[in-house]
Amino acid sequence: MMFRRLLQLFAGLALYGISLAIFIRAAVGLDPWDVFHQGLASRIHLSIGTVVVMMSFVVLLLWIPLRQKPGFGTLCNAVLVGVFADIGLAIIPQVNGFVLQLAVMVAAVVLNAVATACYIGARFGPGPRDGLMTGLARRSGWSVRVARTSIEVLVLVIGWLLGGTVGIGTVVYALAIGPLVHWLLPKFMVHDPKAVALSPE
């Protein structure tokens, strides 16, 4: 069971980073956090993967006042998603042609949902950004939906002002990722009585 959980965790995080790279190559808009990562990367002249890793640890500092404790999967998420995003960008070419861009963007959203269900289903702890949302919801009394929406609108606006790509992909991601993960998560959830469930929801 532990082998399956570890395999699923690392596969999910690798796929998450690759899905981010595919999203960027589609060039029709990113999810809110990655609009921010892309915009910041363009301003400080670092790779987007490096910025993802840096911001993961900045976000983890925000867990301290929320009394949120990271798990093994949280720390793996903080490092590996950015690493695999840069690997993906190194091997995936830019996509040209609007129809092909849309198709690739849809594939990136679906792959991202599978990746999310994989790493959450492994039950090693939420990613830094998901944990921030749930921790804020718990400490403030807000619903997870309100906490998530508030944070993502904030980072989306900041990312857009920094030059991140906002477009139809941003809208598709916002509308599709929740239902997709909700449908996929039961299929990937590891039912191990020794595992502690720490999903974003």
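Helix axes are taken as lines fitted to C-alpha atoms over the stretch in contact, with angles running from 0 to 180 degrees between N-to-C directions, and helices are DSSP runs (H or I, at least four residues) numbered from the N terminus. The model is predicted, so that local features need pLDDT of at least 70 and side-chain atom pairs count only at pLDDT 80 or more, whereas totals for chains, interfaces and linings use all residues. Residues are numbered from 1 along each chain as its sequence is written, and side-chain values use heavy atoms, with hydrogens and water left out.

The axes of α5 and α8 come within 8 Å and cross at roughly 40 degrees. Residues of α5 including Leu102, Met105 and Val109 meet residues of α8 including Ile168, Val172 and Tyr173, contact meaning heavy atoms within 4.5 Å. The residues of this contact divide into 19 nonpolar, four polar and no charged, where Ala, Val, Leu, Ile, Met, Phe, Trp, Tyr, Cys and Pro count as nonpolar, Asp, Glu, Lys and Arg as charged, and the others, Gly among them, as polar.

The largest pocket (an open set of points on a 1 Å grid over the protein atoms alone, where a 1.4 Å probe fits, with protein on both sides within 12 Å along at least five of seven lines) is lined by 38 residues, lining residues having an atom within 4 Å of a point. Met133, Arg148, Glu152, Ile177 and Gly178 lie nearest its centre. To this lining α8 gives the most, with nine residues, and by class the lining has 20 nonpolar, 10 polar and eight charged residues.

Ile92 is placed in the loop between α4 and α5.

Terms used. Helices (H or I, at least four residues) and strands (E, at least two) are DSSP runs, numbered from the N terminus.
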